[in-house]
Amino acid sequence: AVYQRYMGWYDAHPANLDVLPPQDVAGRYVALMGGPGATLAAAESAYEAGDYRWAAELLKHAVYAAPDDAVARERLAQTFEQLGYQAEAASWRNAYLTGALELRVGPPEHGVTRDILLDMLQHTPVERFLEAMAAALNGPAAADEDLRINLVFRDLGTSYVLWIENAVLHHRQAPPDPAADATLTLSHDFFLRMMTGSAGPLALLTSDQTAIDGSRIALARFFRLLEPAPGDFAIVTP
């Protein structure tokens, strides 16, 4: 909430309601400043003067406008290092140094997998996972879908009804809906394996920890609509 200003992404300035994409903005700023050479020269002057925040602002545009400019990338990495060394908060330092690392070696090849957090996830309420599933729904692909699935936890003694409507995944804790397309009965342990990616579609169909009633095709369609976001995205480069 602190980083989102307690208001979400919008800071109340109308110019920030529908801003141009970062690469488009960068190209225009660099052109306005006289081109890549002039931008880099101004950034160098700011860096030498210890004005690292301004150097980072200038070099951010330089790198977005010309991602292959090795000089601009290295100078921005050095600027982030200086900001990181000065940062008192570990979270700020880590962000700066992560940016510097990406500029030098690229974004991570693999994102952090949930299975390394399995012990913590054991104590995470099921509702949090269902909310994550809703965020992972492929909206365009689900636009014409009307699916209803019962999720029954045999060891927890609880059940949930999940349904897709208007390309949004909803859920509520409730007894199984007799009108659902399919009912998936499973253990909490197997559910966690599904959520961490260690149990795939084949395990879902063959495990002795699961039972499926109703349409297996509908259940397969439901899970195919879920596309968890990868964790290997870039943060300071296009």
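The following exercises, each with a worked solution, concern a predicted model of a protein chain.

**Exercise 1. Overall form**

Task: Determine how the radius of gyration of the protein chain stands against that of a compact globule of 238 residues.

Solution.
Step 1. For a compact globule of 238 residues, a radius of gyration near 18 Å would apply.
Step 2. The protein chain itself has 24 Å, a value above that of the globule.
Step 3. The box filled by the C-alpha atoms, taken along the principal axes, is roughly 70 × 35 × 35 Å.
Step 4. The secondary structure within this box comprises 10 helices and 5 strands.

**Exercise 2. Burial, contacts and charge**

Task: State what share of the residues is buried, what share of the contacts joins residues 24 or more positions apart, and how far apart the mean positions of the charges are.

Solution.
Step 1. Of the 238 residues in the protein chain, 36% are buried.
Step 2. Among contacts with a separation of 6 or more, 63% are between residues 24 or more positions apart.
Step 3. The exposed area of the protein chain is about 14,200 Å², and 56% of that area is supplied by carbon and sulfur atoms.
Step 4. The chain carries 17 positive and 30 negative charges, and the mean positions of the two sets are 2 Å apart.

**Exercise 3. A salt bridge between two helices**

Task: The structure holds 9 salt bridges. For the one between Glu44 and Arg75, establish which elements are linked and whether each partner is buried or partly exposed.

Solution.
Step 1. The N to O distance between the side chains of Glu44 and Arg75 is 2.7 Å.
Step 2. Glu44 belongs to helix H2 (residues 36–48) and Arg75 to helix H4 (residues 70–86); with their positions 31 residues apart, the pair links distant parts of the chain.
Step 3. The cut-off for burial is a relative accessible area under 20%. Arg75, at 12%, is therefore buried, whereas Glu44, at 24%, is partly exposed.
Step 4. Salt bridges with shared partners also bring in Glu48, so that Glu44, Glu48 and Arg75 form one network.

**Exercise 4. A salt bridge within one helix**

Task: Explain how Glu57 and Lys60 are placed relative to each other in helix H3.

Solution.
Step 1. The side chains of Glu57 and Lys60 form a salt bridge with an N to O distance of 3.5 Å.
Step 2. An α-helix has 3.6 residues a turn, so residues three or four places apart point the same way.
Step 3. Glu57 and Lys60 are 3 residues apart in helix H3 (residues 52–65), which means a separation of about one helical turn.
Step 4. Both partners are partly exposed: Glu57 has a relative accessible area of 32% and Lys60 one of 34%.

**Exercise 5. A salt bridge between a loop and a strand**

Task: Locate Asp177 and Arg148, and assign each to a burial class.

Solution.
Step 1. The side chains of these residues, Asp177 and Arg148, meet in a salt bridge of 3.4 Å, N to O.
Step 2. Asp177 is in the loop between strand E3 (168–173) and strand E4 (182–186), while Arg148 is in strand E1 (residues 148–153); the pair therefore ties together parts 29 residues apart in sequence.
Step 3. Asp177 is buried at 17% relative accessibility, and Arg148 is partly exposed at 23%.

**Exercise 6. Helix H8 and positive phi values**

Task: Determine how many residues of helix H8 are buried, and identify which residue just after H8 takes a positive phi.

Solution.
Step 1. Helix H8 (residues 188–196) has 7 buried residues out of 9 and is mostly covered. Among the buried residues are Phe190, Phe191 and Leu192.
Step 2. Gly197, just after H8, has a positive phi of about 85°.
Step 3. Most residues other than glycine have a negative phi. Asn166 is not a glycine, yet its phi is positive, about 55°; Ala167, also not a glycine, has a positive phi of about 65°.
Step 4. Asn166 is in the loop between strand E2 (158–165) and E3, and Ala167 is likewise in the loop between E2 and E3.
Step 5. Asn166 is exposed, with a relative accessible area of 66%, whereas Ala167 is partly exposed at 24%.

Notes. Residues numbered from 1 in each chain as written. Predicted model: local features only at pLDDT ≥ 70, side-chain atom pairs only at ≥ 80, totals over all residues. Heavy atoms only, no water. Salt bridge = Lys/Arg side-chain N within 4 Å of Asp/Glu carboxyl O. Helix = DSSP H or I, 4+ residues; strand = E, 2+ residues; numbered from the N terminus. Buried < 20%, exposed > 50% of the residue type's maximum accessible area, 1.4 Å probe, protein only. Rg over C-alpha atoms; globule rule 2.2 N^0.38 Å. Contact = heavy atoms within 4.5 Å. Areas by Shrake-Rupley, 256 points an atom, 1.4 Å probe, with all protein chains shown as cover. Lys, Arg positive; Asp, Glu negative; His and termini not counted. Charge placed at Lys NZ, Arg CZ, Asp CG, Glu CD.
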